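This report covers selected packing and pairing features of one protein model. The structure is shown first, and the description follows.

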Amino acid sequence: MNGPAHTPVPLPTERLRVGMTLPFTLLDAQGRVLLAKGQRIEDELQLRLLRERRQVYVPFEESELALKVWMNGLLELDRRGAAIKELERHVQLDEGAEGAAEPLRGTLPEQCAEVAARLRRLLASVEQGALAREQGAARFERLWRDLEQLTAGDVAADGSTLVLTYRACTSPADYSVLHALQCAVLALRVAPLLRLPPPELRTLVLATATMNVAMLRLQDVLAQQRTAPSTIQRAQIDAHAEAGARLLQAAGVTDALWLDAVRLHHAPLPPGVALAQRPAQERLAHIIQVLDRYTASMSPRASRPGRSAKEAARTAVLFRTGGAQDEVGLALVQLLGIYPPGTFVRLHKGELALVLRRGDKAGTPVAAVVVNRAGEPLGTPKLVNTARPEYTVDDAVPGSAVRARINLDEMVNLLAYSRTPAAGM
């Protein structure tokens, strides 16, 4: 059957593993073959080179999405009693209401990867003006439910933060979507601490996830670019907030507060004003600005390394002008500690550890030692409570400076164990 060619599907690169025999072909952004279906990822260098690419794709026909799409098309054919030659007419590429009820499956890192892939497809559709207004509500509702599932319970919430922060802080690859998803998860988690009115919670989270929709591709380019933005790029950066609101409105978003929050998410706002005393659109825009500044500062670019978690916390807590403390930044520290899940710390005896969750105090996280004091990676990470004198934190370490191999599934399992009485944490 000869049908129209479909656009390749972006593949979250954390799905790739050393030793993996590929069940699909890997393509670059120009459609050139990187690795053919059936080939193996032989070593860490090959995996790192793949993950450092701005984007890796899978031919549509070899993707999981394709299987789902074609099966839905066949079911629709059967329901209508139509001939197989009419299959193409019933293949639907949008992920609307039918797929919205499907819960996320797999391990937590796999769920994060799936939500990132769904979010990229959604934002790309909005950016390209390809999302029909009548489809938008179902697609955004699906995003909301995905984010709720990623943060349902302490382990899932900390685990999702760990996975997304680790990925965003160790490589500039896929920055646009990782940044949006990381900020949205944190918005959902921090909102209760800010006593945000319930009607504003969903709006805040979806506005955070879509704030940069008008510069999706540009963000990925800039993350890999070693030079300062060009004049044309700077103009797009300056215009993206207003342009994003227009794109969202064209995609069926009718929530005026959502659109205003996106418009204002880079606008100068009066400093030192309590959230409760700000107009609703300023309140949400201010929260987004703090989340954006906090997470972006830890993420590396080709032009600079990421900042440490301690430096990022300082930028979030202090207003840009004056010495006053920001209640959103303080709430983030209350929620995550000074060293959030997914960031690295150096212990006072020289070991390097990945933070799993906040401890009893802001500066005493529960962590997993991954490199010993001699600089050697540990085969089995060691769970530690940095509140104990032998494991106190000496300093934060930028994720981009760490070369240890991290198994995120293993780290999420350690996180879950750390919350059991047997762990003694």
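## Hairpin and sheet

Strand 7 and strand 8 form a hairpin with five residues between them. In the turn, Gly 375 has a positive phi of about 85°. The model is a predicted one. Strand 7 covers residues 366-371, and its pairing with strand 8 is antiparallel, over five bridges. One residue pair can be picked out: Ala 368 has Leu 383 in strand 8 as its bridge partner.

The hairpin strands belong to an open sheet of five strands, ordered 8-7-6-5-9 and paired in the antiparallel sense. Strand 8 (377-385) and strand 9 (393-397) are the edge strands; each has a single partner strand, so one side of each lacks a neighbour in the sheet. On average, and ignoring direction, neighbouring strands of this sheet are turned by 35° against each other.

## Helix 6 against helix 8

Helix 6 spans residues 133-150 and helix 8 spans residues 175-190. The two pack at an angle of about 70°, and their axes are 10 Å apart. Helix 6 is therefore roughly perpendicular to helix 8, since angles of 65 to 115 degrees fall in that class. The crossing of helix 6 and helix 8 is right-handed.

From helix 6, Trp 144, Leu 147 and Glu 148 take part in the contact. They meet Leu 181, Ala 184, Val 185 and Leu 188 of helix 8. Sorted by class, the residues of this contact are six nonpolar, no polar and one charged.

## Helix 13 against helix 14

Helix 13 (residues 280-298) packs against helix 14 (residues 309-317) at an angle of about 160°, with the axes 9 Å apart. An angle over 145 degrees counts as roughly antiparallel, so helix 13 is roughly antiparallel to helix 14. Helix 13 passes helix 14 in a right-handed crossing.

On the helix 13 side, the contact residues are Val 290, Arg 293, Tyr 294, Ser 297 and Met 298. Their counterparts in helix 14 are Ala 309, Ala 312, Ala 313, Thr 315 and Ala 316. The contact of helix 13 with helix 14 has seven nonpolar, two polar and one charged residues.

## Helix 15 and its surroundings

Is helix 15 largely enclosed or largely open, and why? Seven of the 10 residues of helix 15 (residues 327-336) are buried, so the rest of the structure largely encloses this helix. The buried residues are Val 328, Gly 329, Ala 331, Leu 332, Val 333, Leu 335 and Leu 336.

The buried residues of helix 15 pack against four helices: helix 7 (154-170), helix 8, helix 13 and helix 14. Helix 8 also meets helix 6, and helix 13 also meets helix 14.

## Overall figures

The protein has 16 helices and nine strands. Of its 425 residues, 54% are buried. Among contacts with a separation of 6 or more, 62% join residues 24 or more positions apart.

Terms used. Residues numbered from 1 in each chain as written. Predicted model: local features only at pLDDT ≥ 70, side-chain atom pairs only at ≥ 80, totals over all residues. Heavy atoms only, no water. Axes fitted to C-alpha atoms, helices over the stretch in contact; angles between N-to-C directions. Parallel < 35°, antiparallel > 145°, perpendicular 65-115°, else oblique. Left-handed = near helix turned anticlockwise from the far one by under 90°. Contact = heavy atoms within 4.5 Å. Nonpolar A, V, L, I, M, F, W, Y, C, P; charged D, E, K, R; others polar. Pairing = 2+ DSSP bridges. Buried < 20%, exposed > 50% of the residue type's maximum accessible area, 1.4 Å probe, protein only.
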